[in-house]
Amino acid sequence: MADSFLEVKNLTKNYGNGKGAIDISFSLNSGEIVGFVGPNGAGKSTTMEMIMSLINPDRGSRKILGEEINDRSDIQKVMSRVGYLAAEGGLYEDLTGKQIFNYAEKLYGIESNGEFEKLATELQLDINKKVKALSLGNKKKVGIIQAIIHQPDLLILDEPTSGLDPLIQQQILNIIKDFSSKGRTVFLSSHNLAEVQSVCDRVIMIKDAKIIFDDKTESIINENGKEIRLINPPKIILDRIRNVLQDESIKESGTEIVLTVKRLHPILKILMEYEFEDFYIEKPSLEKRFINLY
Amino acid sequence: MKYLHIFNFEVKRSYKIFIWWTIAWVLMILMLLPFYNTFSTQGQEFAQVYQSLPDAFKVAFNLNELSLSTISGYINTELMELLELFSCFFGLYLGSRSIQKEINNKSILFLLSKPVSRTKIFLAKVDSIFLLSVASNAILMLFLGFGVIFFTDADAPVKYLAYSFVVLMLMFTLYYALGILLGVIKDGGTIAIGAIVIIVTFMFNIMSKISDSADFLKYLTPYHYLDLGPVVSGQSIAIENIFFILIIALGLFVLGFRVFTNRDIDT
């Protein structure tokens, strides 16, 4: 099996006015969960649709599970090892979940082993209800199950949790984590940076049709250190801190003073010295890291 | 095998509409046939009525002394022309619905994310509707044939029914192909455009029969090439006409197929 599960080089679909996806290049490795983030209209869905050959790229190349995809017929060679969930649609509304799963099994050419029933039970999904009678969250569950029913090596999910309540979001994220723990690769787009942080090993950010960031989640989070939030600290403590930290690392936020530090120890030592306990430490989030890029 | 799964799925999705379609026309046949004996015994009187009509009107609607006094003329005038026209609309409706609807509501993404080619998807959809259409028209023609035997004193007009079957299939297929083509090109308004084509070509046929100066219009309408009028009079439909319409329908299918296999389907 090839090391790189998905490799795209200079993939481009230019709709003009900064719309589409331009010169998109990245590769995904075995067992990775990679988050694809960016504002609305940045080019996330366009990129995924080019990968899936739903739309033809203007230029660029893509290799899925070791197969070079030059035209639509090529992707058929790997589709039995790829799962895909579109941002919306992708289901027959007048069928029940069970009928959809049975149809998917037939099209993937696999024997029914009751796996989808197990998953549906875990997710508290009624598979005997027609899709049109299901809530958005349950429709997403049907979509996810039909995408992983054949245990693909590569799973591509376009906004799998958008519009869902936190409980269902968590259920779906658990499925994704469980899926990936078996050495499979997941590529998912999302607006929810907290969700990406909790589940993804790596983050790729796209803005105005171009990739502007691609790094490990941990590296991004640790890049700027940690935050210490002091609540109404006395002036003497602040003066001591200013001797240790540069001014740009100290910010006021209402009654709080926010310190961004690489190392906690020097600051904690000062706080302990004055027996100041009104503070808390936060790990910076992707949201804080990226929010200015949105 | 995957083709067969899609084919079966499509048959299951569409058979109900064909059942209702067939039932509706069976009821129509049941309403018409019992009156044939009355009409046939009054053939002379109808001939006199027709003679009083303008020549152009008679030619345009294939009305002559055979129209009601012979069983094939009676079926042609009272049923088949209507069935032919409605088959065009039915074909158009099913054609535009089969792929366009799936693209619009994005259910096509279910199939496109599976290991099946667009060629198989297209062929399975077309073939399933074609099979149901063959079954429906065959049932209608058989019912008509047996209906003639049971409800009238006439013999079943086998030759006329055979030609009617061919004409109905060709008309349905032609507009089904047009519906598919329009459906994969445009995201909406397919039925309206297709309906205009059906009505315009229907009017071309009538106009070409009414006016000598509009005679050339007959070459632009399938109703001219597949006119059942001569069959009522014991003649046949030229085989080249059948092939001509078949080739146009195939051409429309190929165009629709090319557009479908090459078009982007985004979310």
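## Strand pairs, pocket and cavities

User: Which residue stands opposite A:Ile204 in β10(A)?
Analyst: The model is predicted. Strand β9 (residues 202–207) of chain A pairs with strand β10 (residues 210–216) of chain A in the antiparallel sense, over six bridges. Opposite A:Ile204, in β10(A), stands A:Asp214.

User: Which residue takes a positive phi in the hairpin of β9(A) and β10(A)?
Analyst: Two residues lie between these strands. The phi in question is near 50°. The residue is A:Asp208.

User: How many bridges join β1 to β2 in chain A?
Analyst: Strand β1 spans residues 4–16 and strand β2 spans residues 19–29, both in chain A. They run antiparallel. A:Gly16 stands opposite A:Lys19 in β2(A). The number of bridges is eight.

User: What is the phi of A:Asn17 in the turn between β1(A) and β2(A)?
Analyst: β1(A) and β2(A) form a hairpin. Two residues separate the strands, and A:Asn17 sits in the turn. Its phi is positive, at about 55°.

User: Which residue of β4(A) stands opposite A:Val8?
Analyst: β1(A) also pairs with strand β4 (residues 59–64) of chain A. The sense is antiparallel, over five bridges. Opposite A:Val8 stands A:Arg62.

User: How many disulfides are counted over all chains?
Analyst: A pair counts when the two cysteine sulfur atoms are within 2.5 Å. Under that cut-off, the count over all chains is zero.

User: Is A:Cys200 buried or exposed?
Analyst: The cut-off for buried is under 20% relative accessible area. A:Cys200 has a value of 6%, so this cysteine is buried.

User: What is the relative accessibility of B:Cys88?
Analyst: Chain B offers another cysteine to check. B:Cys88 counts as buried, because its relative accessibility is 0%.

User: What is the relative accessible area of A:Leu136?
Analyst: A:Leu136 belongs to helix α5 (residues 136–148) of chain A. Partly exposed means between the 20% and 50% cut-offs. A:Leu136 falls in that class, because its relative accessible area is 46%.

User: What is the C-alpha to C-alpha separation of A:Leu136 and A:Asp126 in space?
Analyst: In sequence, A:Leu136 and A:Asp126 are 10 residues apart. In space, their C-alpha atoms are separated by 13 Å.

User: How far apart are the end C-alpha atoms of residues 191–210 of chain B?
Analyst: The unreviewed UniProt entry annotates residues 191–210 of chain B as "transmembrane region". In the model, this span is 100% helix and 0% strand. Its end C-alpha atoms lie apart by 28 Å.

User: And how far apart are the end C-alpha atoms of residues 163–184 of chain B?
Analyst: The same UniProt annotation covers residues 163–184 of chain B. That span is 100% helix, with 0% strand. Its end C-alpha atoms are separated by 32 Å.

User: What is the volume of the largest pocket?
Analyst: The volume comes from the space a probe can fill. Rolling a probe the size of a water molecule over the atoms shows where empty space is left. For the largest pocket, the volume is about 740 Å³.

User: Which element supplies the largest share of the lining of the largest pocket?
Analyst: Of the 28 lining residues, those closest to the centre are A:Asp94, A:Leu95, B:Phe9, B:Lys12 and B:Arg13. Elements giving at least two residues each are α3 of chain A with α1, α6 and α8 of chain B. The largest share, 10 residues, comes from α1(B).

User: How many charged residues are in the lining of the largest pocket?
Analyst: The lining divides into three classes. Nine residues are nonpolar and eight are polar. The charged ones number 11.

User: How much space lies in the largest cavity?
Analyst: There are three cavities of 30 Å³ or more. β6 and α5 of chain A and α7 of chain B each give at least two residues to the lining of the largest one. That lining has six nonpolar, five polar and no charged residues. The space in the largest cavity is about 50 Å³.

User: Which element gives the largest share of the lining of the second largest cavity?
Analyst: This cavity holds about 40 Å³. Its lining includes B:Ile29, B:Tyr74 and B:Glu78. By class, the residues are seven nonpolar, no polar and one charged. The largest share, four residues, comes from α6(B).

Technical notes:
Residues are numbered from 1 along each chain as its sequence is written. Chains are lettered from A and ligands numbered from 1 in the order in which they are written. This is a predicted model: local features need pLDDT of at least 70, side-chain atom pairs count only at pLDDT 80 or more; totals for chains, interfaces and linings use all residues. Side-chain values use heavy atoms; hydrogens and water are left out. UniProt positions are given in the numbering used here, feature names are shortened, and annotations may be inferred rather than shown by experiment. On a 1 Å grid over the protein atoms alone, a cavity is a set of points where a 1.4 Å probe fits but cannot get out, and a pocket is an open set with protein on both sides within 12 Å along at least five of seven lines; lining residues have an atom within 4 Å of a point. Grid points are joined across faces, edges and corners, and a volume is the space filled by probe spheres set on the points. Ala, Val, Leu, Ile, Met, Phe, Trp, Tyr, Cys and Pro count as nonpolar, Asp, Glu, Lys and Arg as charged, and the others, Gly among them, as polar. Two strands pair if DSSP finds at least two bridges between them. Buried means under 20% relative accessible area, exposed over 50%, partly exposed in between (1.4 Å probe, protein chains only).
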